[in-house]
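User: I have a model open and want to learn how to read its features. Where should we begin?

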Amino acid sequence: SGGYEDPLLAGLNPQQRIAVEYRGPALLIVAGAGSGKTSVLTRRIASLIGTREAWPSQILAITFTNKAAAEMRERVGALLGQTAEGMWISTFHSACVRILRREAENFGFTKSFTIYDSHDSRTLIKRIIKDLQADTYGFTVAGVAGKISKLKNELADADSYARTANFNDPQEELFVEIFRQYTRSLNAANAFDFDDLIGQTVYLFRAFPNVAEHYRRRFRHILVDEYQDTNHAQYALIRELTRPVTEGTGFDERSAGLPGASLTVVGDSDQSIYAFRGADIRNIVEFERDFPGAKTVLLEQNYRSTQNILTAANAVISNNFDRKDKKLWTDVGDGEKITGFTGYSGHDEAQFVADEIAKLHDSGTPYKDVAVFYRTNAQTRALEEIFIRSAVPYRVLGGTRFYERAEIKDVLAYLIAVANPRDALALRRILNTPKRGIGPATETALGFFAESNEVSYRDAMRRSTELGLGPKVTQAILDLATLLDEATEMIDPERNAGPVTVAEILTLLLDRSGYVVALRAGRDPQDEARAENVEELVAVTKEFQKNNPGGSLVDFLTEVSLVAAADELDDTSGTVSLMTLHTAKGLEYEAVFLTGVEEDLLPHRMSASEPGGPAEERRLFYVGITRARKRLYLSLAMTRAQYGETAVAMPSRYLQEIPAELIDWRQSPGMATSRGGTQPRALNANRSSGGGFASRTPSRASDSLSFTDRALPRVKAEWPNRVTAQVRDNGDLELEPGDRIRHTDFGEGRVNAVTGEGTKRVAHVQFDAAGSKKLLIKIAPIEKI
Ligand code: ATP
Ligand code: MG
């Protein structure tokens, strides 16, 4: 009607507008992918501040990644026309670290506690298992770590678990002991593991009501994105924070009787993909019961994808039971069809992806608007090889992470040892790194000394003269202890020499410990690259100081501990992004390649047999599909090198859930049926006799993959047969060393050896032009000549 429109509401559809403007104790926004949930949350924050109903400092918003938090903060600022200081927009973990840093002294920790990542936790568990010889009872590090994590996400600790455990079972008894020792080690080290960050904050609020009340008074509006993936501990945290303020403290009587903070949660049950980490879909399903009087808003218009992509997503997810049906729609039109591709191998598939990306790039899609998703990290190897060869610039998010490299962990351990003198894990890591002639027996002896004298590991080092070790070893330990003490002194806020930067501390440690010099003198060809990584870390500390002028060593270490895969995204980088489907949550790209759409990968073979597994994997597929704005590619390979061997791959069961007319199937050139062509075809005989791949598909020679054939009725029960029908099968092709063969892609070659049995027989072939290859005889496009 051309009237004045509030810029905070501009462009919103009616439902979105209701969600932004609603004022009440609790609001649930449930909606499918791309319907503007995150956008609405952002607008709501801006609206609360813009209308002066809330101060920025009264806002606590929880996002799924640090990067999403930064974006939200920026957008709120843009909507308000000024940066709003004092808002807490962060992940659950970051928010809890902030709270714990302030409050840790209440319960036996210090401000400078260490955050153990899963690698650190496992190192600790490994040592405990070894000490208790628990491995002989079948305990594995991964098994114990997983169980402890699961219990912590349910807010159980070793004691509460012990009360329910069956103590006639020696296994259980031993597990409880491991859990106890693990907890004790963390406490002694002044450290929290990842799950503790949430769990201990809940504990803090429950054990210290006046601390909880402080935060309840402060945060009057709490907003949570991706609520479907909260676990029980996170749910409990939200409940603690939203309780009414019952008592005013001495200096703030007015706040007594304050109602609980208003709570807004947004989510999509269909995108719950973290059940394996304890995410509980019930948190969203039961929201209305838990927060009586809650208002629910549904959003159905999708603003991200084309109709074809949405129809595919809707069709796939409608196969899950126990869900509220919601239909996403868009008014941007059908768009292009989905492109399907079947390659001969993972390399073949990767080549297709690289070629298509090159085409997209040529026609104006910048690399940064393209993403490639996969289910498992192992799939990146083939993709990376081909991308490098094809000169496609790319970044792997969360691959071998910079901060997980051994040399970076070493150097960080120095910094941690300085920041948190109680951290034995860090000290033990650097004790003989670089080599100082301090052996494992000495390392253990220091641990025993610390335990029996009830002092810290660092104290034990300072008192190493009392251990009766050789003079050289003793001196080496004392030198290291002195270096650490000096560095700790540097960061002491009470000292008079003024503030010191993280880079300065790091440089001191690197110089005096001789770490880089030792690397440079090493004979391992990788050492030079490692030394460069350490230099990169020095650069990171300088960058940190530039962005956080007053930032302390502890602030730096916190930032480092909390980077998640999706935080590595950089909009300005001009590269294609490679990531797992789990990392892709919440993101969107112009063009998306979803690779490895095969059984055993999607659904992953570990989840296929678990209750709820295939449904969760379907949601993962749904998440992947709905990241695409304009172009979606689904690809698979007929053979996949996985778990150390090459195996025949089957198309994912989820593919057939997409209406066939939405997908344009293409296939590897090496697999095309070329009638009477000059290219050597391996399986002509098979094909015409009805035993080979594609043979059961009637006519339609140009479309040889049976499941793409629209002439066939889409009968689900028929699927397994149709799947096998399209796999190339050489039957019992006899091959022995010395035979000559011809391969459709590699040309002629000589068989050097044949290994394996039955369907897993592998020919080791020296090709005349293409070098040596290993081929799975059953399905390789080869013939004997
Ligand atoms: P997901 O479930 O994947 O997290 P979401 O529901 O959070 O998705 P958003 O990321 O907020 O959805 O929005 C998806 C896209 O639609 C974004 O590009 C956003 O800018 C755009 N969008 C949202 N609402 C509107 C609107 N009213 N008008 C135009 N574009 C919109
Ligand atoms: Mg979102």
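Analyst: With the nonpolar core. A nonpolar core is a set of buried Ala, Val, Leu, Ile, Met, Phe, Trp, Tyr and Cys residues joined through C-beta atoms within 7 Å. Buried means that 20 or more other C-beta atoms lie within 10 Å of a residue's own; exposed means 12 or fewer, partly exposed lies in between, and C-beta atoms are placed from the backbone. Here the largest core has 118 residues, and Ile29, Ala61 and Leu415 touch the most other members. Helix H17 (residues 406-419) gives the most to this core, 9 residues. Helices (H or I, at least four residues) and strands (E, at least two) are DSSP runs, numbered from the N terminus.

User: What should I know about the model and its numbering?

Analyst: This is a predicted model: local features need pLDDT of at least 70, side-chain atom pairs count only at pLDDT 80 or more, and totals for chains, interfaces and linings use all residues. Residues are numbered from 1 along each chain as its sequence is written, while chains are lettered from A and ligands numbered from 1 in the order in which they are written.

User: Is Ala413 buried or exposed?

Analyst: Ala413 is buried, because 21 other C-beta atoms lie within 10 Å. Its place is in helix H17. For contacts, two residues count if their C-beta atoms, placed from the backbone, lie within 7 Å. Ala413 touches Ala426, Arg429 and Ile430, leaving out residues up to four places away in sequence.

User: Which residues surround ligand 1 most closely?

Analyst: A residue is near a molecule if its C-beta atom, placed from the backbone, lies within 6 Å of it. Ligand 1 has 19 residues around it, the closest being Gly36, Lys37, Thr38, Ser39 and Tyr303. Helix H2 (residues 37-50) supplies the largest share of this shell, 3 residues.

User: What does UniProt list for "binding site"?

Analyst: UniProt positions are given in the numbering used here, feature names are shortened, and annotations may be inferred rather than shown by experiment. The unreviewed UniProt entry lists Ala31, Gly32, Ala33, Gly34, Ser35, Gly36, Lys37 and Thr38.

User: How do I read Ser35 and Thr38 from that list?

Analyst: Place each one, then count neighbours. Ser35 is in the loop between strand S1 (26-31) and H2. Ser35 counts as buried because it has 28 C-beta neighbours inside 10 Å. Thr38 lies in helix H2. Thr38 has 19 C-beta neighbours inside 10 Å, so it counts as partly exposed. Beyond four places in sequence, Thr38 touches Asp225 and Gly586.
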